[in-house]
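Colleague: Can you walk me through how to read a model like this? Let's take cysteines, then the interface.

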Amino acid sequence: MRRLGEIIDSARARDLELSSCVIVPEEAPVRDVLSRMRQVSRSIALVTDEEGLTGIFTERDVLRKVVLNPETWDLPVSGFMTADPHTIAPDTSVREAIRMMNAGKFRDLPVVDEGGRVLGNLTHAAIVCYLCEFMQTEVKNLPPCPSQVPQTVEGA
Amino acid sequence: MTCPACGHENLPGADECAHCLISLHDEEAPQTAPARWHVTVDPIASLDPSTIEVQVVASGTPLADGIRRMQERNVGYLLVVDERQRLVGIITERDLVRKVAGILTDASGYTVDQFMTRQPTTLKASEPIKHALHFMALEHFLYIPLVDDEGRPEGLISFRRVARLLEQMD
């Protein structure tokens, strides 16, 4: 059985299931960006210009800057995004991704290739899911409620 | 037979521990539990969840007050309790994106109850960390409230805390 530490050292971002991203231009109104995030159930939107990624608009940005301020909803998202977001390469190790998430208090890391192309978003859930694949018995097959215990040994 | 690593009582003659999966054959008997064991089986309490100041508001709290509280404390959730301090819901940033931001131009007249997730999944601090991983992986939860036997919040396990544990795995 492989050690978990070895798994997160050897796994690369591209090995995990990356989420598709909502990608919007800087001038997109906040209202439209929120609407697109809702439509596809995404917690972030990536903001781009002709050169590439310029910002990330997260649930925390929504909480801090726009939710109680309807006057912001028709303004460009670039005024409310977090500029110059941290990104990772497809071959960044999962341990390094976790380290970056902890250091920066991120829960999403956009995966960008050498050409600046966005390949997807590495989410907290993707990391936990990936590890759970290696712990089928311990984690994935758990009953929905911790107190639920089989009354008899399986297969009896 | 008793597993030397985790102490689980296995059926006589078992080849591997039904609980932690290590071999029970004498010649290769391990003798300390693997790291994955601590991640999965140690109780949530071992992560010191009680050191987090849990953000709790009363049922009926105006929505705008709840949101301002989240902004002031810089947290992504609020636990909502009834008059007997029992957990009745959780409201998160995700609820704000889905139901409030860009939709509700005037929050006055609304309470947190109308936007929270009712009777959310909870865990107890005595339960193993693996249950938190399970819900985070399958349900994409970022926060799981910890409650006592009466259902009163006494802590919270966040993805943030789990990620610090994962970073240290050997």
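**Cysteines and the A–B contact**

Modeller: A disulfide is a covalent bond between the sulfur atoms of two cysteines. With the cut-off at sulfur atoms within 2.5 Å, the count is 0 disulfides over all chains. This is a predicted model, where local features need pLDDT of at least 70, side-chain atom pairs count only at pLDDT 80 or more, and totals for chains, interfaces and linings use all residues. Residues are numbered from 1 along each chain as written, chains are lettered from A in written order, and side-chain values use heavy atoms, without hydrogens or water.

Colleague: Why is A:C21 not bonded to A:C129?

Modeller: The closest cysteine sulfur to that of A:C21 is in A:C129, 16 Å away, so a bond is ruled out by distance. A:C132 is in no disulfide either, with the sulfur of A:C129 6.4 Å away. A:C132 is buried (under 20% relative accessible area, 1.4 Å probe, protein chains only), at 2%.

Colleague: And how big is the interface between chain B and chain A?

Modeller: Interface size is often given as the accessible area lost when the parts come together. Here about 4,400 Å² is buried (1.4 Å probe, summed over both parts), with 65% from carbon and sulfur atoms. Counting heavy atoms within 4.5 Å as contact, chain B puts in 49 residues and chain A 46.

Colleague: How many salt bridges are there between chain B and chain A?

Modeller: Using a Lys or Arg side-chain nitrogen within 4 Å of an Asp or Glu carboxyl oxygen, there are 3 between these chains. One pairs A:E59 with B:R94, at 2.9 Å from N to O.

Notes
Buried area = accessible area lost by both parts, 1.4 Å probe. Buried < 20%, exposed > 50% of the residue type's maximum accessible area, 1.4 Å probe, protein only.
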